[in-house]
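Biologist: I should like to understand how the terms used for a protein model are justified. Shall we take them one at a time?

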Amino acid sequence: MALLEIRALSVGFETPAGRVTAVSGVDLEIGVGECVAVVGESGSGKSQTLLACTGLLAMNGHATGSVRFDGRELLGLRERELQRLRGPGIGYVFQDALGSLTPHLRVGEQLVEALRSHRDTDGATALAEARRMLERVHVPDAAARLRQYPHELSGGTRQRVAIAAALMPQPRLLIADEPTTALDVTVQAQVVELFRELRRELDMALVIVTHDLGVVAGLAERVAVMYAGRVVEQGPAIAVFAAPAHPYTAGLLAALPRLDDDTSVPMRTIPGVPPRPGERSGGCAFAPRCGRRAGDCDEQPPELSGSGPQRAACHHPLRAEAP
Amino acid sequence: MSGARGLWRDALRRLRRNRAAVASLLLLALLVLLAVAGPSASRYPPDELDWAMMGVPPDPASGHWLGTDRLGRDLFVRTLHGARLSLAIALLATLVSLTIGVTWGAVAGYAGGRLDALMMRFVDVLYALPSIFFVIILTVVFDRSPALLFFAIGAIGWLTMARVVRGQAMSLMHRDFIEAAVAAGAGPARVIFRHLVPNLLGTVVVYATLMIPQMILIESFLSFLGIGIQEPLASLGNLVADGAAEMETAPWILLAPAGCLVTIVFCFNFIGDGLRDALDPRER
Amino acid sequence: MLRYILTRLLGAIPTLAVIVLLAFLLTRLAPGGPFDEEQALPPEIRANLERAYGLDQPLHVQFGRYAAGLLRGDFGPSFKFKDFSVTELIATGLPVSLQLGALAMLLAVLLGVPAGVAAALSHNRAADHLVMALAVLGIAVPVFVVAPLAALVFGIYLQWVPVAGWSPGNARDMVLPTVTLALPVIAYVARLMRGSMLETLRSPFVRAARARGVPRTRLVWRHALPAALTPVVSYLGPATAAVLTGSLVVETIFGLPGLGRYLVQGALNRDYTLVMGMVIVYATFMILLNLLVDVAYAFLDPRVRPGGRR
């Protein structure tokens, strides 16, 4: 049984302009200790999918479908129950580290609280644990950091502190939403390396939401590609990168600039723009931009096909599934 | 500005949808109509003493629809006269504030640099003291003459207007059409009054509408204390003061002007809020 | 921090100086003098009086004498209360007004903040609507309407509290004036608190703390509230202005022997020195209070502390 099982998850929002669907019918599984990357452009619904799992959607958001953690249904749980689950069950790291730490509380207090909210520990032990955690995420001069306020730290250190805070109660699954996007390139590499270490040491499942394919390559065992609120391809990272089945995935990979590219030729892009959440049409959402578009593409949205490890939601995939 | 007419039309539409604002507008219009035409409907003038009916509660039969005060003066007529005077003073004061404030703010915003800093520092200093104290000093200076009361009140209200206008003017200064006008050789007066000010109108209108009830309250406050409008002239403020003195035995003397005052203030506030929401650029 | 306070205090002096100058000029510009109201005085007596009070000197001399007096703590004689100097009147009135104002502000915060928080936590449900409706009433109905009405209902009809008089230490005397004065501020603080709380509860750091599994109580009181208090603290400056203004009415209606009532008397009597003295005291108070607000800011938000920014 998978650690996290998402079935037919749909997320909608009530706006003054009416109901907007951000995510439709997503299926996803995360195994124990597995690392899965969820990839997509802004607006593809990847963040909302994961937020919905732990009941962190905005007030006007509503999720339907099923999300099971360790066999237990999460959607519809009361806030009290969800609160107990967040932390030791599912941890969350947000993109904006400065925005995810409370400005008027010291770092130490926030780390300690992340632990004491779930475990009956005394202050001194918790503080020692906090220091150990900071050291584990390679924050220099950990003891001094504990007494500082979030705004006094550099961006990279802040992100590490945010990760440390999420790790304090030793979650079995960590969701990292664009953890490297706001960071310098060098720091990005360090954070990716940090995640690799942590997974090894803690046997923790990791879901990375990102639009950076380089991060995926460095970390993920499996990848799910999302477009316009749906999963359009998923499978083992290596297989998907080497031989993508969905035209969108192929387009993304092709668009990556390479050092050996001919600079006189324009960079390859996918023509057009993704549809906004309110604008999605009846057929395949990618059809307007797809080079392989055919008649049936506009009639019905394709489902994830097959039962093999690599599956694509496309009426005319680039390669047949492995049996 | 071809976009400007569309702006007002949009705003009008949004305003119409705001039920509280529309209701307030109608109520206010009704009150103004009453204030202007009402007293002629009654057979009693505002300062005639009715010896036979002093301190009488509302009595439709005698034509004293809201009763009389201690001296036998008809309350209906006096309240409406009070409303008239209070509204007139408030409108004039707002006009004074508007003129000073918009000019001050637009000049400061246009000039920038040292002049702006100086002008705004002046505003900051005056801001340190609650305006009412300056108004009180001014009323002493003007010897409580009703004609100059509105000037005294208006002379203080311009501070906030100036700040707001200056902020808007500063951001407008960077817009293309201003730079074009300056490049075409337009002098400061022309730029300020032909280009800046018309574009500030939206904000100015909202603030002016919200300023009127404040002015009414300041005037009533002063009149209540005896520093504003004096007997035998009636303003809502000194009517409330009269009523407060008699409230144990004749509560209606207090309730009529108080009710009128509160209603007017409420209406203006709802209208002002409605206007602000209607003109709010974030809505677009 | 100490240096910050000192610099601000020094900066306040020019502001105060301008206010004193302005007030002085305005009162002197008035046509006629403080002795016009008296029954027609023979001109020689009037001239003598004016000379005695120094009113015949050129303006800058008068101002110089006044300013010098101020530095000595001497606000000059009251023109109407012949036996008292303005300084003495200030000394009698200040404790009363201070007590009234301080209590009113305290009440405003102690009632307004929890009301606002409660309204935010029960967003769009019954408690929220109730608090907001009361708030609108409190803000829109002016003090000089509420005060007589409150006196009528609670003092005369219900007889719960006495209607006038002020004996220090007698708690019941203070109830009506204090509550009436505090009402608009309570209402505004509640509304401000509610809006700020709602916004803070939606902010990223609260969501992140929630995602870490921090329990709701701690989320609200330790994470959200201190951050949400900022606009309320900002408002304390204008709130004091409102309380000062309202105190003029409240002291007059309830017959409290405070600064406000003296000010009103002074204005009615064209008693320049009295009016000026009161205005200067009020101005000083406001400036000190704004400084206090800035210090409170630095306390609440470590980012604002001098030397705190990276």
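Modeller: Let us begin with a definition: a residue is buried if 20 or more other C-beta atoms lie within 10 Å of its own. The model shown is predicted, and in its chain A buried residues make up 46% of the 323 residues.

Biologist: What makes strand β10 of chain A mostly covered?

Modeller: Strand β10(A) spans residues 230-236, and six of its seven residues are buried. Each of those six therefore has 20 or more other C-beta atoms within 10 Å of its own.

Biologist: How do you know that β9(A) and β10(A) are paired?

Modeller: Two strands pair if at least two bridges are found between them. Strand β9 of chain A, residues 222-227, is joined to β10(A) by six bridges, so the condition is met. The two strands run antiparallel, and A:Met226 has A:Val231 in β10(A) as its bridge partner. Two residues lie between the strands of this hairpin, where A:Ala228 takes a positive phi near 50 degrees.

Biologist: How do you know that β10(A) also pairs with β11(A)?

Modeller: Two bridges join β10(A) to β11(A), residues 311-312; at least two are required, so this is a pair as well. These strands also run antiparallel, and A:Gln234 has A:Arg311 in β11(A) as its bridge partner.

Biologist: Why is the pairing in the sheet called mixed?

Modeller: The open sheet has seven strands of chain A in the order β6-β7-β8-β3-β9-β10-β11. Strand β3(A), residues 35-39, pairs with β9(A) in the parallel sense over four bridges, with A:Ala37 opposite A:Val223. By contrast, β9(A) and β10(A) run antiparallel. Both senses occur, and the pairing is therefore mixed.

Biologist: What makes β6 and β11 of chain A edge strands?

Modeller: Each has a single partner strand, so one side of each is left without a neighbour in the sheet.

Biologist: Why does the radius of gyration of chain A agree with that of a compact globule?

Modeller: For 323 residues the globule value would be near 20 Å, and chain A has 21 Å, which agrees. The C-alpha atoms of chain A fill a box of roughly 65 × 50 × 45 Å along the principal axes.

Biologist: What makes a residue part of the contact between chain A and chain C?

Modeller: Two residues are in contact if their C-beta atoms lie within 7 Å. The contact takes 25 residues from chain A and 20 residues from chain C. On the side of chain A, the elements giving two or more residues are α2, α3 and α6. The residues of that side divide into 10 nonpolar, 10 polar and five charged.

Technical notes. Residues are numbered from 1 along each chain as its sequence is written. Chains are lettered from A and ligands numbered from 1 in the order in which they are written. This is a predicted model: local features need pLDDT of at least 70, side-chain atom pairs count only at pLDDT 80 or more; totals for chains, interfaces and linings use all residues. A residue is buried if 20 or more other C-beta atoms lie within 10 Å of its own, exposed if 12 or fewer, and partly exposed in between; C-beta atoms are placed from the backbone. Ala, Val, Leu, Ile, Met, Phe, Trp, Tyr, Cys and Pro count as nonpolar, Asp, Glu, Lys and Arg as charged, and the others, Gly among them, as polar. The radius of gyration is taken over C-alpha atoms; the globule rule is 2.2 Å times the number of residues to the power 0.38.
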